[in-house]
Amino acid sequence: MSAYFGQDGFYTSCVEHWELWKRKQRQNHFKRLGLSVGEKVMFYGPLSITWPQHVSIGRECTLNEGVHLGGRGGITIGDHCRISARVFIESGYLETKGVREDGFPKRKHAHAEIRLGDHVWIGAGAMILAGVTIGDGAMIAAGAVVTKDVPAGSFAKGVPAKYTPAAADSESNSEVSS
């Protein structure tokens, strides 16, 4: 396991012996870096975490290879969540306000907390962006880009993601609301 501490936080990557680490050793390693990790959390393959002191992972969660957790604004993952390969969860973003003297937009770094409820499933390659709350039992389709809140028990898919409420039939989609 190698680690790089840079200006933007912490990045962890896999070396050839990643699979030899025991579950407890991984949890203890992340805890030493400030990451809050619940019991029986499984990390499969390499992942990246920035600002681990702002990231909390609940009990019995699974994070697969290539997952990115950008914790600048805070990320809270509930219990029993499943996060598939190459999922991108980023709480930081660029805020654009006004125009500079040279005609380019004024930009500054900003952040907003991301919250995942209990029993959330996120498909491969999905993106969860700053300020989003995903309710208990919600499912996010592979490749979806979630920019707004998803209610509990809903299924969200598409770019940008739209959700089907748990009680609705499969043909009606609602815009994801904030």
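Here is a short conversation about a predicted model of one protein chain.

Biologist: Happy to look at this with you! How many helices and strands are there in the chain?

Modeller: Good place to begin. Buried residues account for 40% of the 178 residues in this chain. As for its secondary structure, the chain has 1 helix and 22 strands.

Biologist: In what order do the 5 strands of the open sheet come?

Modeller: Let's work in from the edges. Strand E5 (48–50) and strand E19 (145–146) each pair on one side only, which makes them the edge strands. The pairing in this sheet is parallel. From one edge to the other, the order is E5-E8-E11-E16-E19.

Biologist: Nice. Which residue in E19 does Ile128 stand opposite?

Modeller: Start with strand E16, which covers residues 127–129. E16 and E19 pair in the parallel sense over 2 bridges. Across from Ile128, in E19, stands Val146.

Biologist: Which elements give two or more residues to the largest nonpolar core?

Modeller: That core has 35 residues, and Ile57, Leu63, Leu69, Ile89, Ile122 and Ile140 touch the most other members. In soluble globular proteins, nonpolar side chains tend to be buried together. The elements giving two or more residues here are strand E6 (55–57), strand E9 (75–77) and strand E14 (114–116).

Biologist: And which residues is Ile57 in contact with, leaving aside neighbours within four places in sequence?

Modeller: Ile57 is one of the core residues that touch the most other members. Contact here means heavy atoms within 4.5 Å. On that basis, the partners of Ile57 are Leu35, Ser36, Val37, Gly38, Val41, Phe43, Leu63, Leu69 and Ile77.

Terms used
Residues are numbered from 1 along each chain as its sequence is written. This is a predicted model: local features need pLDDT of at least 70, side-chain atom pairs count only at pLDDT 80 or more; totals for chains, interfaces and linings use all residues. Side-chain values use heavy atoms; hydrogens and water are left out. Two strands pair if DSSP finds at least two bridges between them. Helices (H or I, at least four residues) and strands (E, at least two) are DSSP runs, numbered from the N terminus. A nonpolar core is a set of buried Ala, Val, Leu, Ile, Met, Phe, Trp, Tyr and Cys residues joined through side-chain atoms within 4.5 Å. Buried means under 20% relative accessible area, exposed over 50%, partly exposed in between (1.4 Å probe, protein chains only).
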